[in-house]
Amino acid sequence: MSIFHTSTPSVLKTWWKESVIYQIYPRSFNDSDGDGVGDLRGIIQKLDYLKDLGVDIVWLSPIYKSPNDDNGYDISDYYDIMPEFGTMADFDELLEGLHSRGMRLLMDLVVNHTSDEHEWFKASKSATDNPYRDYYVWKKPVNGGPPNNWRSFFSGSAWELDETTGEYYLHLFAKKQPDLNWENPKVREEVYKLMRFWLDKGIDGFRMDVIPFISKDLTYPDADFERHGHGEIYANGPRVHEFLREMHEEVLRHYDIVTVGEGVGISAEQANDYVGSDRKELHMIFHFDHMGLGYGPGGRMDPADWRIEDFTTVFSKWDRALGDRGWNNLYLGNHDFPRMVSRFGNDEKYWQASAKLLATLLLTQRGTPTIYQGDEIGMTNSPFKQIADFRDIETLNAYKEVIEAEGDVAQFIERAAEAGRDNARTPIQWNAEPHGGFTEGTPWIDVTPNFGQINVANQENDPDSILNFYRKALNYRKEQETLVYGDTEYLNHSQPELYDFIRVGGTGKFRVMLNLSSSELQMPDIEEDWEWVAPLSNYAQVPLRSPMRPWEVRVLRKAIL
Ligand code: TEU
């Protein structure tokens with residue numbers, strides 16, 4: 001391992017800091033057999049596409065056996081592949097195909113909960129004295145009702161009464177996703193065993209689903225839940241660091257891999273407890289501070305105002321909090337959020353410029369960027385119009401609640417169309433053929449109607465396309481250690497839409513100026529000796545001091561002697 005020199009203490013160099021991650025949501029990526037569902041062979045067909053894009057690590061959302069109540073985040077067998085996605089032989093071929101092209105594979109590790117169709121749960125619920133009973137969190141009724149007022153992320157109580165044994169089990173997500181009991185050492189051993197199974201096959205790491213939830217404090221008084229909402233109460237339980245250190249000791253330290261925790265409920269102040277290089281826990285987490293913008297106390301269906309400076313200060317705050325001790329993971333959307341260009345950019349008049357700007361935001365800050373599938377061609381939200389257009393359990397359950405409460409259905413659909421998770425789950429738009437070339441059958445969820453204009457084939461040969469911008473930008477980032485490891489200095493302006501920072505270290509210095517608005521902005525005073533970085537430009541070059549055009553990216557460079 002070598003060292004990168006900056007003005008502050010030096011940073012250790014490693015492959016996962018220099019990598020770019022690309023997330024595949026397999027159900028929606030590419031269907032090879034015409035059943036309308038994406039699959040492993042579909043991904044194998046696109047490996048050269050990923051390589052050409054410049055991807056280093058593929059993170060695969062869950063592909064294990066699952067009844068698909070939550071699209072694979074409800075696992076019924078950790079050692080088998082979901083038949084809709086293919087077979088273990090397909091998986092082995094995919095892994096080999098990635099490795100032979102110099103790419104790596106990150107698997108999704110979903111071990112806060114299993115499916116209720118997992119053998120452990122079936123045994124667990126069969127009797128209170130079954131040896132698997134303590135694999136899950138069971139509690140006796142309190143005053144004839146659930147043990148506390150915790151709510152599921154997917155509506156209703158987080159406790160479900162099991163009629164057979166007369167006790168409640170905990171499910172922070174769907175009823176079909178019972179929470180594992182990490183207090184039980186046997187559960188932890190099972191988890192370490194399944195992790196070794198996949199690591200011994202040669203995978204290169206894990207993305208860990210809701211990892212701060214594995215240790216829970218069930219003694220919180222109900223009033224605290226009302227006050228703080230679920231994220232905070234479920235996360236960072238009393239034994240979480242002990243469990244992660246045990247996992248590190250038992251499993252992680254024995255492999256050259258990368259770990260990325262889903263950091264829901266982790267604040268900037270707490271982050272280095274998980275990822276500090278001295279901690280022996282995880283390499284990175286991805287936080288939710290910018291993802292929560294625009295969501296009120298009632299969650300994503302409860303709109304709230306936000307300002308552009310709320311967005312930019314999240315990045316500076318996290319960069320400072322992690323410092324040289326931890327490492328960041330950068331993302332602007334994934335399978336749980338609307339499309340980034342629709343949410344943070346402008347998906348109409350400035351669609352192309354703003355998609356390129358958001359790409360630059362990801363690729364020029366300190367941290368490992370994670371690109372969500374389809375963002376490299378600027379895929380947008382979908383114009384969902386009625387409940388039949390949606391597939392996501394979160395939306396469908398919330399809809400039932402609105403109906404039961406005789407709420408405003410039209411308003412609900414409008415909000416779900418804007419904020420719902422299905423926006424990110426529509427099929428990848430490969431070309432202008434029916435269903436965007438995703439499938440020869442009927443897709444499990446409709447393709448977004450703009451696939452005729454927004455698709456990979458259209459962008460392949462257009463040098464100014466979003467796709468080719470990503471290719472150039474990813475390539476450029478690989479050649480510039482300063483963009484990977486350099487320190488960041490943030491510059492404040494009276495125009496909050498101008499996000500302006502400097503990356504410095506090694507032999508270079510970059511100034512990154514981003515106009516996060518659909519209006520022109522004045523350029524601040526700037527020395528003339530900056531060089532324009534052409535691969536990271538989204539407009540034709542103009543004199544350096546001329547105004548910033550809507551959603552313009554101006555990345556400038558200087559050598560340090
Ligand atoms: O997500 C956990 C999570 O807290 C959210 O992003 C969640 O989707 C959202 O808050 C609901 O409003 C992870 C997975 O990424 C998600 O797809 C799963 O549904 C969830 O865990 C359960 O496994």
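1. In this predicted model, M195 touches L109, F206, M208, M247, V251 and L252, leaving aside residues up to four places away in sequence. M195 is also one of the residues with the most contacts inside the largest nonpolar core, a group that further includes F91, M107 and W182.

2. That largest nonpolar core has 168 residues, and helix 13, spanning residues 351-364, gives the most to this core, with 9 residues. Apart from it lies another core, of 10 residues, among them L498, I526, M548 and L556. In soluble globular proteins, nonpolar side chains tend to be buried together.

3. M247, one of the residues that M195 touches, belongs to helix 9 (residues 240-250), where V240, F243, L244, M247 and H248 are buried. These five lie on the same side of helix 9, because they cover an arc of only 140 degrees around the axis. What covers the buried residues of helix 9 includes helix 6 (185-200), strand 11 (205-208) and helix 10 (268-275).

4. As for internal empty space, a search of the whole structure finds 3 cavities of 30 Å³ or more, and the largest cavity has a volume of about 80 Å³. The largest cavity is lined by 14 residues, of which W59, F286, N329, Y331 and T370 lie nearest its centre.

5. Strand 3 (21-24) and strand 17 (368-372) are the elements that give two or more residues to the lining of the largest cavity, and strand 17 supplies the largest share, 3 residues. Sorted by class, this lining consists of 8 nonpolar, 5 polar and 1 charged residues.

Terms used: Residues are numbered from 1 along each chain as its sequence is written. This is a predicted model: local features need pLDDT of at least 70, side-chain atom pairs count only at pLDDT 80 or more; totals for chains, interfaces and linings use all residues. Side-chain values use heavy atoms; hydrogens and water are left out. Buried means under 20% relative accessible area, exposed over 50%, partly exposed in between (1.4 Å probe, protein chains only). Helices (H or I, at least four residues) and strands (E, at least two) are DSSP runs, numbered from the N terminus. The arc is that of the directions from the helix axis to the C-beta atoms. Contact means heavy atoms within 4.5 Å. On a 1 Å grid over the protein atoms alone, a cavity is a set of points where a 1.4 Å probe fits but cannot get out, and a pocket is an open set with protein on both sides within 12 Å along at least five of seven lines; lining residues have an atom within 4 Å of a point. Grid points are joined across faces, edges and corners, and a volume is the space filled by probe spheres set on the points. Ala, Val, Leu, Ile, Met, Phe, Trp, Tyr, Cys and Pro count as nonpolar, Asp, Glu, Lys and Arg as charged, and the others, Gly among them, as polar. A nonpolar core is a set of buried Ala, Val, Leu, Ile, Met, Phe, Trp, Tyr and Cys residues joined through side-chain atoms within 4.5 Å.
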